[in-house]
Amino acid sequence: MEQKTFSRSGLAVFSRYPLTLGRGGSQNDIQTNGLLLDDKWCQFLAANNFLVGISIDGPKHLHDRYRRTNNDKPTHDLVMAAIKRLKAYDIPFNALCVVNDANAKEPLAVYRFLRDEVAPRMIQFLAGVEPLDFKQVAPLHWQPDSLKKIDEWGASVDGNETGDVVTAWSVTPEGWGEFLTTVWQEWIEADIGRVFVDHFENTLSQILNKGAQKCTTAAICGKALALEHNGDLYCCDHFVYPEYKLGNIHHTHQGDLAFSKKQTQFGYLKQSTLPEYCKQCDFLTLCWGDCPKHRFIKTPDGDVGLSYLCAGLKMYYAQVRSDLSLIKTKLGWH
């Protein structure tokens, strides 16, 4: 996904990022950048019981860095106007924040803005990551000889040393870890039970042995299929490439495609492609190797299949585990 993809205008913008909108009584979901969300659209959404996901990457100076119109105009004011309109029509909405190389450096500014100014029903943080060859090569079809070991490149928070691995706007592993850890510490101290951050709620569920709520941290995946406007069905919205096309619902029943052998095999890729380095990790049951889309780094031993975000995920999970006693106290567990 190139930088421009953050800025396409329109109501429903298809994203390669997982969108866990949740139901909560809503019959329909839609993810949008909000630019065309006028009164007529809001009347339709309210009448048809929609839950809306709004893409917003923080306060104005951070959001407008990448989310711009096709003629390179900033969009923050338009998105905030859309949010105001959703509130006026009493339409439930969630906020989707893609963490990139810029807003990763201001985690509390981003979190507090979303919490206090946007005030959605749920906050979603997603790591913005794409390998340099994402336009040409489908995930897991990388040439092993072209992949770097985790200790062959030194990702830094300012992003100066990741240019030969990922796109310039991608968050660094350390940047992702610092972002999550910093926001987590404020959330666990002051906002747990009051502000719903899906990433944190998912981690709590896992660390308390209640299972993963998100496919990216589950042992297996395959339930987030992607349907294109022409009826083409793909294994996942991270994998909209020819190699992962299941078929077309105009030609084959969608149930047959969803439960096909190809889709089943895809769901178990998380385990079958997991390197030994991950299997020996203390955080395996919290991470399960991350999304296969991110596994374009080699382990120190040279095995393929390590997540680009590994170092940052370890930072975050180490912090969560160190806060386990505090978590139990906050939740009233004894």
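Is D64 buried or exposed at its 9% relative accessibility? The legends below take up that residue and several other spots in this predicted model.

**Figure 1. K60 and D64 form a salt bridge.** Here the closest N and O atoms of the two residues are 3.4 Å apart. To settle the opening question, D64 counts as buried, since its relative accessibility of 9% falls under the 20% cut-off. Its partner K60 is partly exposed, with a relative accessible area of 38%.

**Figure 2. A salt bridge connects helix α3 with helix α1.** The side chains of R85 and D39 come together at 3.4 Å, N to O. This pair ties distant parts of the chain: R85 belongs to α3 (residues 76-88) and D39 to α1 (residues 39-47), and the two residues are 46 apart. R85 counts as partly exposed at 26% relative accessibility, and D39 is partly exposed too, with a relative accessible area of 39%.

**Figure 3. R68 meets D72, and other charged residues join into a network.** The side chains of R68 and D72 form a salt bridge of 2.8 Å, N to O. R68 counts as partly exposed, at 22% relative accessibility. Have a look, too, at R112, R115, D116, E186, D191 and R194, which are joined into one network by salt bridges that share partners. A search of the whole structure finds 15 salt bridges.

**Figure 4. Helix α3 has a buried face.** The buried residues in α3 are H76, V79, A82, I83 and L86. Seen down the helix axis, the buried residues fall within an arc of 120°, so they line one face of α3. They pack against α1, β2 (50-55), α2 (60-63), β3 (93-99) and α4 (107-118). On the other side of the helix, D77, K84 and A88 are exposed.

**Figure 5. The span of α3 agrees with its residue count.** At 1.5 Å a residue, the 13 residues of α3 should span 18 Å, and the C-alpha atoms at its ends are indeed 18 Å apart. Just after the helix comes D90, which takes a positive phi of about 55°.

**Figure 6. Two stretches have pLDDT below 50.** The protein averages a pLDDT of 89, and 89% of the residues score at least 70. Over residues 1-24, however, the pLDDT is below 50, and this stretch has 96 contacts in the model beyond near neighbours in sequence. Residues 155-160 also have a pLDDT below 50, with 14 contacts beyond near neighbours in sequence. A friendly caution applies: where pLDDT is low, the predicted coordinates should not be read in detail.

Key:
Residues are numbered from 1 along each chain as its sequence is written. This is a predicted model: local features need pLDDT of at least 70, side-chain atom pairs count only at pLDDT 80 or more; totals for chains, interfaces and linings use all residues. Side-chain values use heavy atoms; hydrogens and water are left out. A salt bridge is a side-chain nitrogen of Lys or Arg within 4 Å of a carboxyl oxygen of Asp or Glu. Helices (H or I, at least four residues) and strands (E, at least two) are DSSP runs, numbered from the N terminus. Buried means under 20% relative accessible area, exposed over 50%, partly exposed in between (1.4 Å probe, protein chains only). pLDDT is the predictor's confidence in each residue, from 0 to 100. Contact means heavy atoms within 4.5 Å. The expected span of a helix is 1.5 Å times one less than its number of residues. The arc is that of the directions from the helix axis to the C-beta atoms.
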